[in-house]
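The following report sets out the secondary structure, packing and selected residue environments of one protein chain. The sequence and the structure are shown first.

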Amino acid sequence: MSTAEAPHTLTASPVLELQLDCRSEAVGPARHLATAFLEQLEPAVEKDAREAVILVVSELVTNAVRHAGGRACALRLRAGPESVVVDVHDSSPALPRPRTPDVTGEGGGFGWSMVCRIATVVKVNRESAGKTVTAIIPRLGHGSS
């Protein structure tokens, strides 16, 4: 009988898909379900990367709620061996754009630039019914070697 260790593989379902009401109340559940999704992945996603994914989910869902003007949006997370992909779809064809941050804390303006700094890839695909924003976050945290 061999005592060799089996190679690490993704044992949890590597995809999470959620349809969300496009209201501010959707952000909390999206963060919670994304956290649960990340916690079940094997091998584990490093802490810095988990926090980055949760922040990106929060910002992209918040942007869909605030700026898309639709009734529904969708979140999809996909986990691969090297990265986690966050997709947020909404019904607005308007592309995200950087805004001047409101330092009084009332008007936002920080989210899109933050997502662009955190993710290694950010892209926006226009579709017949809106757009999908995709952000790719490495599974290894920034402090890893």
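## Helix packing

Helix H2 passes helix H3 in a left-handed crossing, a term that applies if the near helix is turned anticlockwise from the far one by less than a right angle, whereas a clockwise turn is called right-handed. This is a predicted model, in which local features need pLDDT of at least 70 and side-chain atom pairs count only at pLDDT 80 or more, while totals for chains, interfaces and linings use all residues. Residues are numbered from 1 along each chain as its sequence is written, and side-chain values use heavy atoms, with hydrogens and water left out.

H2 (residues 47–67) and H3 (residues 111–118) pack at an angle of about 145°, and their axes are 10 Å apart. Axes are lines fitted to C-alpha atoms, for helices over the stretch in contact, and angles run from 0 to 180 degrees between N-to-C directions. From H2, Ala52, Leu55, Val56, Glu59, Leu60 and Asn63 meet Gly111, Trp112, Met114, Val115 and Ile118 of H3; contact means heavy atoms within 4.5 Å. By class, this contact comprises eight nonpolar, two polar and one charged residues. Here Ala, Val, Leu, Ile, Met, Phe, Trp, Tyr, Cys and Pro count as nonpolar, Asp, Glu, Lys and Arg as charged, and the others, Gly among them, as polar.

An α-helix has 3.6 residues a turn, so residues three or four places apart point the same way. H2 has 21 residues and spans 30 Å from its first C-alpha to its last, close to the 30 Å expected at 1.5 Å a residue; the expected span is 1.5 Å times one less than the number of residues. Glycine 69, which follows H2, has a positive phi near 70°.

## Overall arrangement

The protein chain has three helices and five strands, in the sequence pattern β-α-α-β-β-α-β-β. Helices (H or I, at least four residues) and strands (E, at least two) are DSSP runs, numbered from the N terminus. Of the 145 residues in the chain, 41% are buried. Buried means under 20% relative accessible area, exposed over 50%, and partly exposed in between (1.4 Å probe, protein chains only). Among contacts between residues at least 6 apart in sequence, 66% join residues at least 24 apart.

## The sheet

The five strands form an open sheet in the order E1-E2-E3-E5-E4, with antiparallel pairing. Its edge strands are E1 and E4 (121–127), each of which pairs on one side only. Neighbouring strands of the sheet are turned by 15° against each other on average, direction ignored. Helix H1 (residues 27–39) packs on the sheet and touches E1, E2 and E3, its direction making about 175° with that of E1. H3 lies across E4 and E5 (130–138), running at about 120° to E4.

E1 (residues 15–21) and E2 (residues 72–79) pair in the antiparallel sense over seven bridges. Seven bridges also join E2 to E3 (residues 83–90), again antiparallel. Two strands pair if DSSP finds at least two bridges between them. A hairpin of three residues joins E2 to E3. Selected bridge partners are listed below.

| Residue | Partner |
|---|---|
| Glutamate 17 | Arginine 76 in E2 |
| Leucine 20 | Cysteine 73 in E2 |
| Leucine 77 | Valine 86 in E3 |
| Alanine 79 | Valine 84 in E3 |

Side chains alternate along E1: Leu16, Leu18 and Leu20 point to one face and are buried, while Val15, Glu17, Gln19 and Asp21 point to the other and are not.

## Selected residues

Valine 61 lies in H2 and is buried, with a relative accessible area of 0%. Beyond residues up to four places away in sequence, valine 61 touches Leu20, Ala26, Val27, Ala30 and Val88. The C-alpha atoms of valine 61 and alanine 26 are separated by 7.7 Å, although the two are 35 residues apart along the chain.

Arginine 78, in E2, counts as partly exposed because its relative accessibility is 30%. Leaving aside neighbours within four places in sequence, arginine 78 is in contact with Pro14, Val15, Ser83, Val84, Val85, Asp87 and Thr134. The C-alpha atoms of arginine 78 and proline 14, 64 residues apart along the chain, are separated by 5.6 Å.

Proline 43 is found in the loop between H1 and H2. The peptide bond from glutamate 42 to proline 43 is cis, with omega near 0°. Most residues other than glycine have a negative phi, and most peptide bonds are trans.
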